[in-house]
Amino acid sequence: MAPRAYWKGTLKLSLVSCPVVLYPATTAAEKTRFHMINRETGNRLKQQMVDSETGDVVESDQKGRGYELRKGKYVEIEPEELEVVQIESNHTIDIESFVPSEEIDQRYLNHPYYVAPDGKAAIDAFAVIRDAMKDQDRVALAKIVLTNREHIIAIKPLGKGLLGTTLRFPYELREEDQFFDDIKSPKITKDMVELAGHILHTKASHFDPSKFKDEYETALKALVKRKASGKKIELPEPEERPSNVVSLMDALKQSLKGRGGKKTAAKSNARRTTGRRQAAKKTHRSTARQRKAG
């Protein structure tokens with residue numbers, strides 16, 4: 001059964017357009033979730049809205065939207081009044097520009113969506129837009145209306161389709177200065193940086209998300225299964241933190257030794273041994289040729 005489309009509309013590049021559908025690229029369906037229950041009855045609890053002053057339960061027909069002007073003072077906004085500022089959705093993703101992918105700050109990336117052609121008639125135009133983007137190695141920027149809000153969406157080729165990622169607006173980002181300004185600039189020796197560099201080298205790899213294991217989720221499922229079967233849950237002993245203080249230089253040296261330093265040294269010795277053997281073989285062949293020539 002095909003997944004249900006989250007959004008349907010038209011992808012437009014100048015005069016070229018094609019019907020497309022959007023599907024969320026992520027899911028939390030496999031995550032273990034808990035419900036609030038009544039310990040005495042085992043029944044699930046349901047939430048109710050209550051008046052913060054009177055404590056009375058507020059029924060659905062009494063609920064409204066209000067913006068807090070000052071502490072405890074709200075201005076009520078009616079649903080029909082929101083239509084004044086709502087952007088009329090024409091269900092069109094109109095590409096406005098193309099930018100190099102490396103220019104998009106990773107902090108702006110928000111929610112990813114798969115963009116696919118909607119029907120056989122849309123495939124040709126979809127393929128033209130997709131392949132043109134591949135040739136130019138650029139990311140398209142466009143506007144899209146989702147859940148009555150306007151978003152900027154970055155679109156790039158992904159396999160046979162497109163990946164659209166909504167972007168945050170600048171006002172949604174916090175400036176890094178307020179978090180980094182107090183970071184001091186200590187004097188770090190060149191030896192320390194080189195040792196850290198060696199550690200990085202021993203851990204060099206390639207991005208492979210298939211190696212990501214959610215160990216907490218696995219343990220959580222095992223815990224629920226064990227508890228449901230009536231088995232006792234043994235609480236772990238609190239871990240004791242080591243009290244010994246190790247200098248930064250010692251920590252770097254120990255890290256290099258314990259995490260690849262020995263392997264690296266072994267590989268270097270193996271290379272030197274192999275090199276000596278190859279050199280000996282060459283010398284032996286050269287001597288044999290000279291004897292034949294004599």
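This report walks through the strands, helices, turns and main pocket of a predicted model.

## The first hairpin

Let's start at the N-terminal end of the numbering. Strand E1 covers residues 7–13 and strand E2 covers residues 16–24, and the two pair antiparallel through 7 bridges. If you want one pair to find on screen, take Thr10, whose bridge partner in E2 is Pro19.

The hairpin leaves 2 residues between its strands. Ser14 sits in that loop between E1 and E2, and its phi is positive, near 60 degrees, even though it isn't a glycine. Most residues other than glycine have a negative phi. Ser14 also counts as exposed, because its relative accessible area of 55% is over the 50% cut-off.

## From E2 across to E9

E2 has another partner to look at. Strand E6 (residues 109–117) runs antiparallel to E2, with 5 bridges joining them. Here Val20 is matched with Pro117 in E6 as its bridge partner.

Carry on from E6 and you get to E9, again antiparallel and again through 5 bridges. Tyr114 stands opposite Leu163 of E9. Leu163 also has Lys156 standing opposite, and the E8–E9 pairing is antiparallel with 7 bridges. E8 and E9 make a hairpin with 2 residues between them, and Gly159 in the turn has a positive phi of about 60 degrees.

## Strand E9, wrapped up

How many of the residues of E9 are buried? The count is 7 of 7, so E9 is largely enclosed by the rest of the structure.

Thr165 makes a handy example. This residue belongs to E9, which spans residues 161–167, and with a relative accessibility of 12% it counts as buried, because that is under 20%. Setting aside neighbours within four places in sequence, Thr165 is in contact with Leu109, Asn110, His111 and Pro112, and with Ile152, Ile153 and Ala154 as well.

## Val99 and its company

Val99 is part of strand E5, residues 92–99. Buried or exposed? Val99 counts as buried, because its relative accessibility is 17% and the cut-off is 20%.

What does Val99 touch, once residues up to four places away are left out? The list is Ile104, Arg138, Val139 and Leu141. Val139 is worth a look: it is 40 residues from Val99 along the chain, yet their C-alpha atoms are separated by 5.3 Å.

## Two helices

Helix H2 takes in residues 123–136, and its 14 residues should span 20 Å at 1.5 Å a residue; the end C-alpha atoms are 20 Å apart, so the two figures agree. Its buried residues are Ala125, Phe126, Ala127, Ile129, Arg130 and Met133, so there's an arginine in that set along with the others. After H2 comes Asp137, with a positive phi near 55 degrees.

Helix H5 (residues 215–228) also has 14 residues, and its reach from first C-alpha to last is 20 Å, close to the 20 Å expected. The residue to check after H5 is Gly230, whose phi is positive and near 90 degrees.

## The largest pocket

The largest pocket has a volume of about 480 Å³. It is lined by 16 residues, and those nearest its centre are Thr147, Asn148, Arg149, Glu150 and Tyr171. Split by class, the lining has 7 nonpolar, 5 polar and 4 charged residues.

Which strand gives the most to this lining? That would be E8 (residues 149–158), with 3 residues. Asn148 lies in the loop between strand E7 (139–146) and E8. Its phi is positive, near 60 degrees, in a residue other than glycine. Asn148 counts as exposed, because its relative accessibility is 55% and the cut-off is 50%.

Key. Residues are numbered from 1 along each chain as its sequence is written. This is a predicted model: local features need pLDDT of at least 70, side-chain atom pairs count only at pLDDT 80 or more; totals for chains, interfaces and linings use all residues. Side-chain values use heavy atoms; hydrogens and water are left out. Helices (H or I, at least four residues) and strands (E, at least two) are DSSP runs, numbered from the N terminus. The expected span of a helix is 1.5 Å times one less than its number of residues. Two strands pair if DSSP finds at least two bridges between them. Buried means under 20% relative accessible area, exposed over 50%, partly exposed in between (1.4 Å probe, protein chains only). Contact means heavy atoms within 4.5 Å. On a 1 Å grid over the protein atoms alone, a cavity is a set of points where a 1.4 Å probe fits but cannot get out, and a pocket is an open set with protein on both sides within 12 Å along at least five of seven lines; lining residues have an atom within 4 Å of a point. Grid points are joined across faces, edges and corners, and a volume is the space filled by probe spheres set on the points. Ala, Val, Leu, Ile, Met, Phe, Trp, Tyr, Cys and Pro count as nonpolar, Asp, Glu, Lys and Arg as charged, and the others, Gly among them, as polar.
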